[in-house]
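Reader: I've got this structure open and I'm a bit lost. Please take me through it slowly, and explain each term when it turns up.

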Number of protein chains: 2
Amino acid sequence: MKLAELGEFGFIARIRAAAPPGPGLRLGIGDDCAVSEVTAGELLLTTTDMLLEDVHFCRDWTSPRLLGRKCVAVNVSDIAAMGGTVRHLYLGLGIPADMAVAELDELLAGVLEAAADYGADLAGGDTCASSGPLVLSLTAEGTIADGDVVGRGGACPGDAVYVSGSLGDSALALRELRAGRRPSAFLASRHHDPTARAALGQRLAREHLATAMIDVSDGLLADLGHLLRASTCGARIDGAALPLSADFAAALAVEPGLFPLALSGGEDYELLFTVPPAAIASLARVAETETIPLSRIGTVVAGAQGVIVTDRNGGVVASPPSGHDHFRRGV
Amino acid sequence: MKLAELGEFGFIARIRAAAPPGPGLRLGIGDDCAVSEVTAGELLLTTTDMLLEDVHFCRDWTSPRLLGRKCVAVNVSDIAAMGGTVRHLYLGLGIPADMAVAELDELLAGVLEAAADYGADLAGGDTCASSGPLVLSLTAEGTIADGDVVGRGGACPGDAVYVSGSLGDSALALRELRAGRRPSAFLASRHHDPTARAALGQRLAREHLATAMIDVSDGLLADLGHLLRASTCGARIDGAALPLSADFAAALAVEPGLFPLALSGGEDYELLFTVPPAAIASLARVAETETIPLSRIGTVVAGAQGVIVTDRNGGVVASPPSGHDHFRRGV
């Protein structure tokens, strides 16, 4: 079916029928605003991320379902990075004329599937025609107990720097796709279908284990730089301690020049956080029960001299490239 | 200056420096999420609207400042239509390569100026490059006392149908622009720089005068249709009672065929609401103190037979065209 036959309001009715309301939502899709409750003692967390065709994704390289899932995951990742729990999603869609209703249904199914994975509902949005690219703009609201928020600005000298999961997989997948090659299923999934570390972020916040936290979306060094600037600190990072997946390590063994992807590649959606020495023992327990590898990759140091990355022999890795900048490097 | 020189993070720092935090905002631009407070006894209202170049606006016909202002007004209008007060704004920007920093500064100035007009702050957002059109995606959060929310579904047979301000001005301005003519300053301002009826909406909700409310964005008949479907009612509308501005009336005198623009033209951003007979006297007092004309244009009737529009002689206006549909009619 073509969207022109269904019409804007037919399409909205279709979304509404498919989107069950979650707890705390008084009024969802179908009025001028969504109406929701915030429990006393909780704070509201809000984040928004736009995914633009030919900038953030190519329709040829992914599927509408994965695109819908990713769109949710990248927003939930921001809420996880404050330690919060996602509650409501609002989806803005700019739809090019060539998209079929079947593709939109798949996109929506991906959004709803990922929303359910993280316990969120689709509470509202806006749908319109696009004269150019497919545009996805998702806003996510979450909540967190007052007093548990983990910002970027709390790191202290002596804190250990930790990162979850592995680094560089998404960037390596993108490099393969751009070169016209097919990334491994693992790498492709890390790029097209990232997992937000929702439970981990909530636990670190609830147990007050992290002094500062950010998600790795622009690349480890860029995001660590954001965290350190907000904390007015520097850091020493041990390049040999960066967690690498088996697929990344195998590629690196063949092509040692890939290492900068682990330092600066974007879209890992892992959590990067700082932990005071006294909390490190508790952290080991978290890593075990959450079954996510947590790697200590360095230490926060006094002074705002930025990040120093050392290699296996203690030498300084020469001026590591910074992460993705939408305007400096273009697409 | 070009955006490539400033870079993404330079641009974000510029926005952050210009955007003062408002009440209840614990943490604004510069972390993974904004963090805000919701007072006990209040509900959260959330709405999102996307403005896409060549669909919602042409950069040749407006200025970046007005575009920024309009982007805020259309969202605040949705919050006003529930009776709420806007608090925080989140701006997603997809920026084409040809936009200068000076234009972006103007756009941002317009957003911040309008935010200040309505008492909101810019609490977060996302900036990225666009391979195609300029994309603005704004999400607004507001609050309202629990018990005061005015939805679309509360209209009852016998309620009077009211609309604020005048109808059709924005659509007439757009018609002039599309024909290559210059609309009057009044009409142009109604199209490019609409005012959300924020204080009116809040007052109607607080004093429990409206049983149902919606803002006129898709056109009077389309939006009344949404309200009536949600209320499972119909309505009789007196075509001769539609409020018309002096400029619209003058154009109509020359070209009677313009009348459907008042019935079905979009983007008026007036409030359309239903009032029980017992509340009509109080409403007159509101119109006086808010200094906005409020016009009674019809009556809610039982049964879901839709809207019947009668002309000056009581005849039925033949099948009035419905409002804007993004997918049925394209741009």
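## One residue to start with

Reader: Why is E106(B) called partly exposed?

Author: Count its neighbours: 17 other C-beta atoms lie within 10 Å of E106(B). A residue is buried with 20 or more other C-beta atoms within 10 Å of its own (placed from the backbone), exposed with 12 or fewer, and partly exposed in between. A count of 17 falls in between, so E106(B) is partly exposed. One caution: this is a predicted model, where local features need pLDDT of at least 70, side-chain atom pairs count only at pLDDT 80 or more, and totals for chains, interfaces and linings use all residues. As for labels, residues are numbered from 1 along each chain as its sequence is written, while chains are lettered from A and ligands numbered from 1 in the order in which they are written.

Reader: Where does E106(B) sit, and what is it in contact with?

Author: E106(B) belongs to helix α3 (residues 101–118) of chain B. Helices (H or I, at least four residues) and strands (E, at least two) are DSSP runs, numbered from the N terminus. Ignoring neighbours within four places in sequence, E106(B) is in contact with S63(B), P64(B) and R65(B); contact means C-beta atoms, placed from the backbone, within 7 Å. P64(B) is 42 residues away along the chain, yet its C-alpha atom is 5.6 Å from that of E106(B).

## The whole chain

Reader: What makes chain A as compact as a globular protein of its length?

Author: Chain A, with its ten helices and twelve strands, has a radius of gyration of 20 Å, close to the 20 Å that the globule rule gives for 331 residues, so it earns that description. The radius is taken over C-alpha atoms, and the rule is 2.2 Å times the number of residues to the power 0.38. The C-alpha atoms fill a box of roughly 65 × 50 × 35 Å along the principal axes. Of the 331 residues, 55% count as buried. Among contacts in chain A with a separation of 6 or more, 85% link residues 24 or more positions apart.

Reader: What are the domains of chain A, and which element gives the most to the side of domain 1 that touches domain 2?

Author: The assignment (automatic or from a database) gives domain 1 (3–145) and domain 2 (160–310). Their C-alpha centres lie 26 Å apart, and 17 residues of domain 1 are in contact with 18 residues of domain 2. On the domain 1 side, α2 (64–80) and β4 (85–96) each supply at least two residues, and α2(A) gives the most, with nine.

## Strands inside

Reader: How do you know that β10(A) is mostly covered?

Author: Five of the five residues of strand β10 (residues 271–275) of chain A are buried. L271(A), F273(A) and V275(A) are buried on one side, and L272(A) and T274(A) on the other.

Reader: What makes β7(A) and β10(A) a pair?

Author: Two strands pair if DSSP finds at least two bridges between them. Strand β7 (residues 160–164) of chain A has four bridges to β10(A), so the two pair, and they run antiparallel. Y162(A) stands opposite F273(A) there. Strand β8 (residues 212–215) of chain A also joins β10(A) by four bridges, antiparallel again, with D215(A) opposite L271(A).

Reader: In which sense do β4(A) and β5(A) pair, parallel or antiparallel?

Author: They pair in the parallel sense over nine bridges, and H88(A) stands opposite D121(A) in β5(A). In strand β5 (residues 121–130), eight of the ten residues are buried.

## Two chains together

Reader: How do you know that a two-fold axis relates the chains?

Author: A rotation of 180° with 0.0 Å of shift along its axis superposes chain A on chain B, with an RMSD of 0.0 Å. That is the relation of a two-fold axis. The fit is by least squares on C-alpha atoms of residues with pLDDT of at least 70 in both copies.

Reader: How many residues does the contact take from each chain, and which strand of chain A gives the most?

Author: It takes 64 residues from chain A and 64 from chain B. Strand β3 (residues 42–52) of chain A gives the most to its side, with nine residues. β3(A) also pairs with strand β2 (residues 34–37) of chain B, antiparallel over four bridges, and L43(A) has E37(B) as its bridge partner.

Notes:
Two residues are in contact if their C-beta atoms, placed from the backbone, lie within 7 Å.
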